[in-house]
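Thanks, everyone, for making the time. I would like to walk through one structure this morning, a few residues at a time, and I will try to keep each statement tied to what can be computed from the atoms.

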Amino acid sequence: MTSPGENLRINGDRLWESLMEMAQVGPGIAGGNNRQTLTDADKQGRELFQAWCEAAGLTMGVDKMGTMFMTRPGTDPDALPVYVGSHLDTQPTGGKYDGVLGVLAGLEVVRSLNDLNIKTKHPIVVTNWANEEGARFAPAMLASGVFAGVHSLDYAYGRKDQEGLSYGEELKRIGWLGDEEVGARKMHAYLEYHIEQGPILEAENKQIGVVTHGQGLWWLEFTLTGKEAHTGSTPMAMRVNAGLAMARIFEAVQTIAMSEQPGAVAGTGQVRFSPNSRNVLPGTVVFTVDLRTPDQTKLDRMRAEIEKRAAEICAEMGVGCAVEAVGHFDPVTFDPTLVARVRSAAEKLGYSHMDIISGAGHDACWTNKIAPSVMIMCPCVGGLSHNEAEEISKDWAAAGADVLFHAVLETAEIVE
């Protein structure tokens with residue numbers, strides 16, 4: 001097997017231009033993107049990506065979850081493919097790089113191989129996983145979760161957004177329901193490039209994050225049931241206040257997470273009051289709690305403590321309390337061989353690097369269950385992500401893509 005030389009680089013200008021062109025699809029209101037899963041904007045982004053891939057000579061497959069697989073053939077018809085990618089869907093107020101960088105860097109790897117007329121033994125498949133964000137249809141990483149056997153297809157199709165529209169219905173509506181059985185493909189390896197979504201690499205002045213582990217996660221959805229009542233005429237002592245119970249649970253979440261320091265985080269995000277009127281105490285409050293840590297023992301303990309404390313708070317106040325786990329994955333250890341390959345590529349290319357733990361969930365967390373997987377990260381300004389102000393530099397984008405290029409080539413095996 002031939003090893004790529006250190007002078008081998010991707011076209012950083014072309015990668016950046018592609019990122020900027022994709023950012024025109026589903027623009028946000030403050031410079032970022034709103035390209036949520038299975039919306040018309042998602043459809044438009046998929047069509048642009050498809051056109052670019054077909055221009056690069058890739059052939060498309062689409063599975064029954066709507067995930068796009070764009071294949072560059074290898075020289076050995078029996079060799080399993082090397083998969084590389086991420087996601088094109090965004091948060092409602094998402095940035096231009098989260099997920100998109102990994103998909104378009106994968107395309108740039110193929111374009112650069114074409115430019116240099118390099119063949120590989122293993123096919124290379126650039127992948128756009130559907131519904132990674134989970135912003136519209138919880139849980140996150142839904143399509144890769146079905147692919148890895150974590151979720152059933154029926155479960156995924158039945159997930160609904162806040163308007164009551166189902167994943168299955170919307171997938172058909174935008175015309176991206178594929179015919180491939182989900183998970184039928186076999187992988188030689190999977191590599192995913194992503195912005196850090198945290199401040200560590202920038203603070204440490206490192207160009208490359210070599211991702212060794214991923215945090216485990218629980219998403220818990222609480223439904224609290226109180227009594228709707230007029231805020232002006234209901235005495236304080238006679239209220240069954242689901243909103244107040246929620247506030248006390250918020251405080252408990254903070255306290256429990258702080259008790260598990262270092263290396264644990266928790267917070268509350270989505271909140272829905274009903275009837276959501278300024279002068280009516282809520283009869284129902286639904287909210288989510290997000291727990292993360294790379295330590296399995298801490299993860300399990302935090303969930304148990306939060307559910308226990310929430311039940312106690314609600315019982316004291318006469319408020320009904322139900323909880324559903326709507327997202328979960330255990331802490332992840334990425335493939336040591338691929339991790340070493342990424343580290344070696346960064347060193348060979350002369351890029352500063354450090355080992356890092358992913359604070360967010362990614363599709364690689366699920367593929368890691370079925371194939372050797374690894375992640376590469378680049379810095380993002382101020383660690384800001386899931387925000388329209390999310391920003392990276394062209395040089396950061398290119399450096400990580402160079403490392404991805406070399407790691408993919410080492411894994412897919414150059415043919416002389």
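Let me begin with a cysteine, C321, which counts as partly exposed because its relative accessibility is 34%, between the 20% under which a residue is called buried and the 50% over which it is called exposed. Please keep in mind throughout that what you are looking at is a predicted model. How many disulfides does the count give? With two sulfur atoms required to lie within 2.5 Å of each other, the count comes to 0 disulfides. C321 is in no disulfide, since the nearest cysteine sulfur, that of C314, is 4.1 Å away, which is not within the 2.5 Å cut-off. Another cysteine, C53, counts as buried, with a relative accessibility of 0%.

I will turn next to the positions that come with an annotation. In an unreviewed entry, UniProt lists D98, E133 and H386 under "binding site". These three are spread over 289 residues of sequence, and yet they cluster in space, with a largest C-alpha distance of 9.6 Å.

Taking D98 by itself, we find this residue in the loop between β3, residues 82-86, and α3, residues 100-116. Is D98 buried or exposed? At a relative accessible area of 5%, D98 is buried. If we set aside residues up to four places away in sequence, D98 touches a list of partners that includes the two other annotated positions, E133 and H386, along with H87, D89, H194 and E390.

H386, for its part, sits in the loop between β16 and α12, and it is partly exposed, with a relative accessible area of 38%. The side chains of H386 and D98 are joined by a polar contact of 3.2 Å. Beyond its neighbours within four places in sequence, H386 is in contact with Q91, T93, D98, E133 and Q197. The backbone of H386 also deserves a remark, as its phi is near 50 degrees, a positive value in a residue other than glycine.

That leads me to the other backbone details. E413 is likewise not a glycine and has a positive phi of about 70 degrees; this residue lies in the loop between α12 and β17, residues 414-415, and is partly exposed at a relative accessible area of 23%. There are cis peptide bonds to point out as well. The bond from A138 to P139 is cis, with omega near 5 degrees, and P139 is found in the loop between β5, residues 124-128, and α4, residues 142-147. The bond from S274 to P275 is cis too, with omega near 15 degrees, and P275 belongs to the loop between β10, residues 265-274, and β11, residues 280-281.

Now to a helix, α10, which runs over residues 336-349, has 14 residues, and reaches 20 Å from its first C-alpha to its last, close to the 20 Å expected at 1.5 Å a residue. Which residues of α10 are buried? They are L338, V339, V342, A345, A346 and L349. These residues cover an arc of only 125 degrees around the axis, which puts them on the same side of α10. The general background is that an α-helix has 3.6 residues a turn, so residues three or four places apart point the same way. As for what covers these buried residues, the elements include β6 (189-195), β7 (208-214), β15 (353-358), β16 (373-378) and α12 (394-412). Just after α10, G350 takes a positive phi of about 80 degrees.

The last residue I want to show is R35, in the loop between α1, residues 12-22, and α2, residues 40-55. R35 is an arginine that is buried, with a relative accessible area of 1%. What lies around the polar atoms of its side chain? The backbone oxygen of V25 lies 2.8 Å from one polar atom of the R35 side chain, and the backbone oxygen of M22 lies 3.3 Å from a polar atom of that side chain. Leaving aside neighbours within four places in sequence, the contacts of R35 include M22, V25, D42, D89 and Q91. Two of these names came up earlier: D89 is also touched by D98, and Q91 is also in contact with H386.

I will stop there and take questions.

Note on methods:
Residues numbered from 1 in each chain as written. Heavy atoms only, no water. Helix = DSSP H or I, 4+ residues; strand = E, 2+ residues; numbered from the N terminus. Expected span 1.5 Å × (residues − 1). Buried < 20%, exposed > 50% of the residue type's maximum accessible area, 1.4 Å probe, protein only. Arc of directions from axis to C-beta. Contact = heavy atoms within 4.5 Å. UniProt positions renumbered as here; feature names shortened; annotations may be inferred. Polar contact = N/O pair within 3.5 Å; in protein donor to acceptor, adjacent residues only side chain to side chain.
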